[in-house]
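Grab a pencil and work through these exercises one at a time. Try each task yourself before you read the solution.

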Amino acid sequence: MASLSQRICPLCEACCGLEIEHDSGRVLRIRGHDADLFSHGFLCPKAVALGDLHHDPDRLRQPMLRRDGRLVPVSWEQAWDEAEQRLGAVLAKHGPQAVATVLGNPVSHKMGLTLYFPRLARALGTRQMYSASSVDQMPKMLAVGLMYGTWLSVPVPDIERSDYLLVIGANPMVSNGSLWTVPDFRGKAKALRARGGKLVVIDPRRSETAQAADAWHPIRPGADAFFLLGFAHTLIAEGLADLRHLADHVAGLDALRTALAPYPPERMAARCAIDAETIRTLAREFARAPRAALYGRIGTCTQSFGTLSSWLIDVINVLCGRLDAQGGMLFPKAPAFAANTRGKPGIGKGLTTGRYHARVSGAPEVQGELPLTCLAEEIDTPGPGQVRGLISMAANPVLSAPNGARLARALADLDCMISLDIYQNETTRHAHVILPGLSPLEDAHYDVSFTQLACRNVARYSPPVLARAPDQPEEWESVMRLVAIVKGLGAHADIAALDRAMLLEELERSAGAAAPQLLAALDPLQGPERLLDLGLRTGPYGDQFGARPGGLTLAALQAAPSGIDLGPLAPRLPEVLRTPSGKIELAPPLLVADLARIEADLATPAPELVIIGRRQLRSNNSWMHNLPVLAKGPVRCTLLVHPVDAARHGLRDGGVAEIRSAHGCVQAPVEVSAEMMPGVVSLPHGWGHDQPETRMQVAAERPGANLNALLDPQARDPLSGNAVLSGIAVSLRALP
Ligand code: SF4
């Protein structure tokens, strides 16, 4: 008989509640969970692909081991023996600094990996840590970290009470938010406009969000900081700045005024391709709207001025009193795991970067990581500290980061590569051992990260929907076996005992003598559920182990399959701050000093034609291209070209273009579209499934072109280390 289960969708940041109908291990139907207190039944076309993912014959269900140059299926015992032998050998010969780790963004959708990877990181003690953050959102995290004190204190638009939403470099109509968990953005934007509000979009492409907006202003890729400087200058020069309730909570206002003074819109207009009067008009509109929010995302991050742009967005929200105000930008208050709900409210250590540097490039450490674009050279450059071992988790940087070809060559030369992944993809095909992860339907779930970015405070927990194979470990167990290897205990150590001992140590650091009682109070829970119960109970809504009766516990969440609503976002200043000054730092010296690059760039001529990426509704990660329900239909990896550029280069709709940059060359079908601003073309990211020895048959049928092959592997935002993915100069040639 069919059963019905609830599951939070793990396929993107929107975290919609789903209802899964299944029978005897087969998924029959997936639909939105109407009673879900956060997403109220909304879902997008990707959600139904969870069934395809679960049943995908290409999804790994058995560990793979490299033998005679080929990956072959083996037992878990054989896989662990090999992992212990190889990883142990690298550690013994070269030490922990020769072992790197790389995490893909699906890790943040996996409770077990998110909560247990830090154990592995601590056990290893390596500085060679990499993740998808440095090809995505590191600039925003650094900017808010410097301003508010913690890496994930990202304010999000209070869209349901706003009158004016200005979106720059983001496409929430397709993404349903990024660093902003906002299911059904379309419905919320429609409601905003229906109540007389205004949606304005700044983007090089007339994106799906721009098409639904009241106004669209095309901007030159990579020039957001110039636009935002002109905007902020206008606010001050025209007396529009009004900090309102924020006046007592800011530091550095005079330094900010001084820093902004050289950048009137008239100086910025040519560089960003938005005329000075439009910049001024937008600043006036924004300042005068009753309730307004400025939101920026991936386009503002993946460029050379990523951290400056991210900072200026928050500066503008502060200057107009939009931060921490209803209908403006508010800080979520997550039920667990948020650094901005821990420790003493309103003050903290703040953060620093550059505590160490990359061995080869000298790039500074940011949030305990080095830039992902440095990984290849750290592997293939000989010398002390050369990386000889790699542990990857749900990551495919060969496709999803610049420098893929060099990285692939470097991976093939490692002494040890262990991958925790569900696919044999362009990256994991180089592993010595692949340890398969779980299908999301076999896994329990709590949104560790996205509750910290959600448009409403809520707590939800999903138990596993379907049973996993008897010999398949949970992902946290696989991570703990790696911890055991690193600690010299061997892959077959008692990981339950090790997990308990490590948790006791952690509790002793935070709770001192009360640690044993706290640990006992969490019995008989184990693994991520035990950490989740601890996080919820000690969190801002928690029962504090009985001190606050009726407070949040995991048991309470398990009894509420539609979730527990914790209310709309509310002002949190000054409690949310963790800066040493206890204030919002408006002019962090690191950022103000970086304005020197703006001056230098103003003198640089803009390229005639540049390329940008784009997010698509049916894709988020590269492995989604292997799911039939998402892969079917028209070819999606197309080059969007404005009609003027198409005519100039002799391209026709449906023809094929060769796209060439100083760093590579790819070919793609052409889609002539007035969506693009002239001088800018767009290719979606995550494609290029034409490499040998992968096991993704559906994706290989229509491999698409890899945008990253065109990018400059050394181009980074110097502050955050984030890769530059936008605005790379290209030339086009029509192919027969
Ligand atoms: S918007 Fe994201 S979370 Fe919601 S159903 Fe689609 S993929 Fe899943």
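For sorting residues, Ala, Val, Leu, Ile, Met, Phe, Trp, Tyr, Cys and Pro count as nonpolar, Asp, Glu, Lys and Arg as charged, and the others, Gly among them, as polar. Residues are numbered from 1 along each chain as its sequence is written. This is a predicted model, so to speak of local features takes a pLDDT of at least 70, side-chain atom pairs count only at pLDDT 80 or more, and totals for chains, interfaces and linings use all residues.

**Exercise 1. The ligand shell**

Task: Find the residues around the ligand and sort them into nonpolar, polar and charged.

Solution: First, list the shell, where a residue counts if its C-beta atom, placed from the backbone, lies within 6 Å of the molecule. You should get C9, L11, C12, A14, C15, C16, L43, C44, K46, A47, N176 and P183. Next, sort them: 10 are nonpolar, one is polar and one is charged.

**Exercise 2. An antiparallel sheet**

Task: Work out the strand order of the open sheet that contains β1, β2 and β3.

Solution: Strands are DSSP runs (E, at least two residues; helices are H or I, at least four), numbered from the N terminus. Two strands pair if DSSP finds at least two bridges between them. The order is β1-β2-β3, with antiparallel pairing. Now look at the edges: β1 (3-8) and β3 (26-32) each have a single partner strand, so one side of each has no neighbour in the sheet. From one strand to the next, the twist averages 30° (axes are lines fitted to C-alpha atoms, for helices over the stretch in contact, and angles run from 0 to 180 degrees between N-to-C directions). Zoom in on β2 (residues 17-23), and you'll find six bridges to β3. One bridge pair to spot is L18 with G32 in β3.

**Exercise 3. A parallel sheet**

Task: Which strands sit at the edges of the four-stranded open sheet?

Solution: Start with the order, β11-β10-β9-β13, paired in parallel. The edge strands are β11 (215-217) and β13 (292-296), each pairing on one side only. Ignoring direction, neighbouring strands here are turned by 15° against each other on average. Then check β9 (residues 164-168), which is joined to β13 by five parallel bridges. Within that pairing, L166 has L294 as its bridge partner.

**Exercise 4. A strand in the middle of things**

Task: Why is β16 largely enclosed by the rest of the structure?

Solution: Count neighbours: a residue is buried if 20 or more other C-beta atoms lie within 10 Å of its own, exposed if 12 or fewer, and partly exposed in between, with C-beta atoms placed from the backbone. Six of the six residues of β16 (residues 416-421) are buried, so the strand is largely enclosed. Take the faces in turn: C416, I418 and L420 lie on one side, with M417, S419 and D421 on the other. Finally, look at the partners. β15 (residues 389-393) pairs with β16 in parallel over five bridges, and L390 bridges to M417. β17 (residues 433-436) also runs parallel to β16, joined by four bridges, and D421 stands opposite P436.

**Exercise 5. A buried glycine**

Task: Is G535 buried or exposed?

Solution: Locate G535 in helix α20 (residues 527-538). It has 22 other C-beta atoms within 10 Å, so G535 is buried. Leaving aside neighbours within four places in sequence, G535 is in contact (C-beta atoms, placed from the backbone, within 7 Å) with A336 and F337.

Definitions and conventions
Contact = placed C-beta atoms within 7 Å.
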